[in-house]
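Hi,

Here is the structure I promised to pass on. Have a look at it first, and then read my notes below.

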Amino acid sequence: MIYIGDNKTTGEIDSYSINTLNIPGIVLMENAARNFTGTIDTNLDNFLIVCGKGNNGGDGYAVARQLVSLNKRVSVFSCETSDMSRDCQINYDICRNLGIPMENDISALEELIISHDVVIDAVFGTGLDKPLAAPYDKIINNINQYGKYIISVDIPSGINGSTGETAGIAVKADRTVSFVTYKQGFLNYSAAEFLGKIKVVNIGLPEHVIKKFSNTVLMDKKYISSLLIPRLKYSHKGNFGHTLIIAGSPEFTGAAVISANAAVKTGSGLVTLAVFHECLNMLSSCSPEVMTADLSDKNRLLDLLKKVNSIAFGPGLGNNPRTLELLKFVLENSDAPMVIDADGINVLAEEPALLEKLKNRCILTPHLGEFSRISGLSIEEISKDRIKAAKDFSKKYSVILLLKGYNTIITNECDVYVNTTGNSSMANGGMGDTLTGITASLISQKYTIFASGKIGSFLHGYIGEKLSKRSFAITAEDIIRNIPFYQKKLFL
Ligand SMILES: NC(=O)C1=CN([C@@H]2O[C@H](COP(=O)(O)OP(=O)(O)OC[C@H]3O[C@@H](n4cnc5c(N)ncnc54)[C@H](OP(=O)(O)O)[C@@H]3O)[C@@H](O)[C@H]2O)[C@@H](O)CC1
Ligand SMILES: [K+]
């Protein structure tokens with residue numbers, strides 16, 4: 001499992017390992033350097049390692065030695081040769097003793113970079129704490145301008161590991177090999193162009209140690225598979241629940257069809273689509289597996305509200321008083337777990353007091369704009385630290401929050417799960433409605449609300465990613481058609 005942490009987390013893990021576990025810092029550095037080196041393509045040769053004076057630089061000197069021991073051609077550029085951290089000094093001295101070519105004259109840097117095939121950036125890691133000034137701005141500029149292939153140690157130098165903001169300028173890496181944790185700052189969209197392909201490597205610490213300091217996790221296939229509730233041989237449709245989808249309006253009938261079909265394909269035993277009277281004719285034949293109900297038939301609606309296992313509310317309903325009234329009616333007459341999306345969120349934003357009725361039984365699935373409306377935070381405020389914004393909201397209202405977007409966040413106020421599946425081939429209408437249907441369907445099948453959000457977002461993005469290998473744009477229908485196949489792939 002990959003954990004996410006900020007600069008503070010690295011400091012805490014470091015000090016726990018050194019002071020409580022008694023692992024000397026130099027051993028951690030050696031492990032970091034060895035595991036970093038292990039990720040480098042063995043066909044690469046002719047490395048220039050650019051080292052700072054802190055422990056990131058120390059990692060760089062240790063990597064230089066590791067590469068030399070693999071018979072690679074290696075040179076080192078030292079940004080500073082005084083006032084180094086203790087472990088940096090040790091590895092610097094070893095490099096000198098080994099006779100590795102070393103340079104510290106900034107006027108030679110440009111030529112050095114040009115004459116090497118790979119630049120390893122070990123200037124700053126988690127210790128970067130102020131804007132960059134000379135000569136570091138020039139060093140980083142040179143790396144970016146002349147580096148043919150750049151691998152950053154822990155963090156591209158100049159990026160703040162906690163926030164993802166740049167210190168004025170930052171290395172644009174082709175690859176980043178990060179230690180112990182995936183840095184929280186990498187999730188900030190503004191950091192994306194600097195990171196290249198990211199890999200996280202361990203430094204010899206067992207997972208239970210890392211877990212002490214981070215409750216934020218990057219979901220992977222193995223984790224999602226572990227959440228599976230197996231289907232028993234003798235199960236029948238009653239075991240897989242009844243999902244009620246309340247969605248659609250004359251302008252947006254598609255949203256209703258998409259959510260309902262996604263719920264069916266995800267495996268809900270029964271799916272009923274409840275729609276406004278004027279949509280009934282058009283939608284009653286939308287899918288042979290979906291039952292329909294007229295929202296103006298209050299007795300039928302009351303009956304459904306009492307017996308269903310989950311309710312999806314919102315897609316395509318319209319952001320208007322009628323939707324708000326309908327939401328109030330649903331909340332007054334049902335205790336079922338709910339997935340609230342789209343216009344369901346928009347009307348809740350008008351009357352946030354209603355969230356009180358959703359405590360501990362709801363997942364909200366806003367995109368950034370919807371989250372801004374319901375949280376009262378600006379998009380800029382949320383974007384600065386999406387994890388914190390999501391966690392705070394979830395805690396304030398005791399709901400599960402699934403904040404959609406590149407690197408979707410799912411949180412239950414304490415634990416945070418980040419989903420990295422999905423890509424821009426899926427950026428078109430109806431995708432959110434699909435996720436809503438999938439999530440509600442999983443809840444009906446007895447997954448917890450939290451697990452349903454996690455599985456739903458992973459599965460949804462996973463299908464899109466797989467399909468995008470052979471198609472340019474992926475539609476909601478493409479996703480829905482492929483749910484059963486990829487669900488099986490994930491779970492079995
Ligand atoms: N547990 C783990 O994960 C392990 C992590 N490890 C590694 O340790 C790294 C963290 O090391 P770190 O704390 O020494 O900080 P680092 O990034 O080297 O920078 C500090 C130096 O930069 C300087 N400096 C800062 N800002 C500056 C600026 N704008 N302009 C100029 N100077 C600036 C600052 O100078 P000062 O401000 O103190 O004068 C100080 O000298 C981490 O990223 C990982 O690579 C591994 O070794 C093993 C275990
Ligand atoms: K670095």
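**Two domains and what lies between them**

The C-alpha centres of domain 1 and domain 2 lie 42 Å apart. The bounds, which come from an automatic or database domain assignment, are 2-213 for domain 1 and 223-491 for domain 2. Before going on, some housekeeping: this is a predicted model, where local features need pLDDT of at least 70 and side-chain atom pairs count only at pLDDT 80 or more, while totals for chains, interfaces and linings use all residues. Residues are numbered from 1 along each chain as its sequence is written, and chains are lettered from A and ligands numbered from 1 in the order in which they are written.

Five residues of domain 1 are in contact with seven of domain 2, contact being C-beta atoms, placed from the backbone, within 7 Å. On the domain 1 side of that boundary there are three nonpolar, two polar and no charged residues. (For the classes, Ala, Val, Leu, Ile, Met, Phe, Trp, Tyr, Cys and Pro count as nonpolar, Asp, Glu, Lys and Arg as charged, and the others, Gly among them, as polar.)

The unreviewed UniProt entry has an annotation "domain: YjeF C-terminal" for residues 220-490. UniProt positions are in the numbering used here, feature names are shortened, and annotations may be inferred rather than shown by experiment. The end C-alpha atoms of that span lie 10 Å apart, and the span is 48% helix and 14% strand.

**The chain as a whole**

The C-alpha trace spans about 85 × 45 × 45 Å along its principal axes. I get 20 helices and 19 strands; these are DSSP runs, H or I of at least four residues for helices and E of at least two for strands, numbered from the N terminus. Of the 492 residues, 51% count as buried, which takes 20 or more other C-beta atoms within 10 Å of a residue's own (12 or fewer is exposed, in between is partly exposed, and C-beta atoms are placed from the backbone). Among contacts between residues at least 6 apart in sequence, 73% join residues at least 24 apart.

**Around ligand 1**

Ligand 1 is surrounded by 31 residues, and the closest are G54, N55, N56, G125 and G127. A residue is near the ligand here if its C-beta atom, placed from the backbone, lies within 6 Å of it. By class, this shell has 14 nonpolar, eleven polar and six charged residues. Helices α1 (7-20), α2 (25-38) and α3 (55-69) each supply at least two shell residues, and α3 gives the largest share, five.

What does the record mark as "binding site"? The unreviewed UniProt entry puts that annotation on N56, D121 and S157. They are spread over 102 residues of sequence but cluster in space, with a largest C-alpha distance of 9.4 Å.

Taking N56 first, it lies in helix α3 and counts as buried because it has 27 C-beta neighbours inside 10 Å. Leaving out residues up to four places away in sequence, N56 touches A122, V123, F124, G125, G127, V153 and D154.

S157 lies in the loop between β6 (150-153) and β7 (175-179). With 30 other C-beta atoms within 10 Å, S157 is buried too. Beyond its neighbours within four places in sequence, S157 contacts D121, V123, F124, I140, S152, A170 and V171. D121 is thus one of the contacts of S157, and D121 also has S152 in β6 as its bridge partner.

**The sheets**

An open sheet of seven strands runs β4-β3-β2-β5-β6-β7-β9 with parallel pairing; strands count as paired if DSSP finds at least two bridges between them. Its edge strands, each pairing on one side only, are β4 (102-103) and β9 (197-201). Within this sheet, β5 (residues 118-122) and β6 pair over three bridges, and β2 (residues 47-51) and β3 over five, with L48 bridging to S75 in β3. Strand β3 (residues 74-78) is mostly covered, four of its five residues being buried.

An open sheet of twelve strands has mixed pairing and the order β8-β1-β10-β19-β18-β17-β16-β15-β14-β11-β12-β13. Its edges are β8 (182-183) and β13 (290-294). At the β8 end, β1 (residues 2-5) pairs with β8 in the parallel sense over two bridges, and G5 has K183 as its bridge partner.

Cheers

Notes. Two residues are in contact if their C-beta atoms, placed from the backbone, lie within 7 Å.
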